[in-house]
Amino acid sequence: MTISVITAVFNRASTIGQALASVQAQTWHKVEHIVIDGGSFDGTLELLEVQRHRLAVLVSERDKGIYDALNKGLGRASGDVLGLMHSDDFYADDRVLERVACAFADPAVDGVYGDLDYVAKEDPSRIIRRWRSGAYEPARLARGWMPPHPTVYLRRSVIEQWGGFDTDFRIAADYDAMLRYLARGKIRLAYIPEVLVKMRVGGESNRSLIRILRKSREDYAALRRNGVGGIGALVWKNLSKLPQFLGRPEGGAARR
């Protein structure tokens, strides 16, 4: 089983090295690492060129944003299973993909996910928030539940049938995609009750009040579009983040 790991990056010279090293350190060796660079000019591309021989694909060109870049990566992936490694993130340990592959040994499993830690940007050893997902139940979608998107791995067949990211969403395309797979596609998920990914705080959607409001509008549109709910589900979605700060096992919005 080959696992394709897709990284979209733009001007992340300070963190891309750790992301690359994290993938390269995995004990599961059937890994296809695809990196889509948006035309970086801060030294990121030079770092990537040094690692080109260890990458299956390296593309550097202007794009229409992170979801456009990720779609380019999905289109170039040839693995049996597809997942993401964001340029600010890294795996919790070197056996993450091995555990993911073991979970996919069950042919009934369409997707795999685990837990996530938010860590300090300047000191990734310091945990800011803990996202403990818990097992998936369809009814939880209307209460705002969502697996941490950076920990999600899907069979190629899921992407082929249900598509990648809708770039009409500028902030919540990952949320829309997961609702599409779960609510409309009714895919079967397996939960690994361990931290799989460490994510630096400072996601795109929380950088300003305007972006927070836009995210809420897009979340609402995704909920309605996929037949999951409306305002009530959106309220539950936002409230579900609180346990992350209190250290309780409940999920929130992916990479937000």
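A polar contact is here a pair of N or O atoms within 3.5 Å, of which, within protein, one must be able to donate a hydrogen and the other to accept it. In the predicted model described here, one such contact joins the side chains of K198 and D117 at 3.0 Å, and another, of 3.2 Å, joins the side chains of D88 and R12.

At the level of the whole chain, the protein comprises nine helices and nine strands, and 55% of its 256 residues are buried. Among contacts between residues at least 6 apart in sequence, 74% join residues at least 24 apart. The exposed surface amounts to about 11,400 Å², with carbon and sulfur atoms supplying 53% of it.

In soluble globular proteins, nonpolar side chains tend to be buried together. The largest nonpolar core in the model holds 39 residues, and those with the most contacts inside this core are L141, F165, L179, Y181 and L182. At least two residues of the core are supplied by each of β1, β2, β3 (57-60), α3 (66-76), β4, α5 (156-162), α6 (173-184) and α7 (209-225), with the largest share, eight residues, coming from α6. When residues up to four places away in sequence are not counted, F165 touches Y67, L70, N71, L74, L84, H149, A173, D174 and A177. A second core, separate from that one, contains 31 residues, including L20, L55, V109 and I192.

Helix α4 (residues 96-103) is mostly covered, six of its eight residues being buried. The buried residues of this helix are V96, L97, R99, V100, A101 and A103, and what covers them includes the strands β1 (3-9), β2 (31-37), β5 (89-91), β6 (111-119), β8 (153-155) and β9 (189-200). The list of buried positions includes a charged residue, R99, whose relative accessible area is 18%, and since buried means under 20% relative accessible area, R99 falls within that class.

Side chains of opposite charge can pair when their charged atoms come close. A search of the whole structure finds 15 salt bridges. In one of them, the side chains of R99 and E194 meet with an N to O distance of 3.2 Å; because R99 lies in helix α4 and E194 in strand β9, this pair ties together parts that are 95 residues apart in sequence. In contrast to the buried R99, E194 is partly exposed, with a relative accessible area of 35%.

A further salt bridge is formed where the side chains of D110 and R188 meet, at 3.0 Å from N to O. D110 belongs to the loop between α4 and β6 and R188 to the loop between α6 and β9, so that the pair ties together parts of the chain that are 78 residues apart in sequence. Here D110 counts as buried at 12% relative accessibility, whereas R188, at 47%, counts as partly exposed.

D117, already noted as the polar partner of K198, also takes part in a salt bridge with R132, the closest N and O atoms of the two residues being 2.9 Å apart. This pair links distant parts of the chain, with R132 in the loop between β7 (127-131) and β8 and D117 in strand β6, 15 residues apart. R132 counts as buried at 19% relative accessibility, and D117 is buried with a relative accessible area of 2%. Elsewhere, salt bridges that share partners join D166, D176, R180 and R225 into one network.

The surroundings of K198, which is found in strand β9, may be described further. K198 counts as buried at 17% relative accessibility and, leaving aside its neighbours within four places in sequence, is in contact with D89, F90, A92, D117, V119 and I127. The C-alpha atoms of K198 and S125 are separated by 9.2 Å, although the two residues are 73 residues apart along the chain.

As for the polar contact between D88 and R12, D88 lies in the loop between β4 (81-84) and β5 and is buried, with a relative accessible area of 13%.

Note on methods
Residues numbered from 1 in each chain as written. Predicted model: local features only at pLDDT ≥ 70, side-chain atom pairs only at ≥ 80, totals over all residues. Heavy atoms only, no water. Buried < 20%, exposed > 50% of the residue type's maximum accessible area, 1.4 Å probe, protein only. Helix = DSSP H or I, 4+ residues; strand = E, 2+ residues; numbered from the N terminus. Contact = heavy atoms within 4.5 Å. Core = buried A, V, L, I, M, F, W, Y, C linked by side-chain atoms within 4.5 Å. Areas by Shrake-Rupley, 256 points an atom, 1.4 Å probe, with all protein chains shown as cover. Salt bridge = Lys/Arg side-chain N within 4 Å of Asp/Glu carboxyl O.
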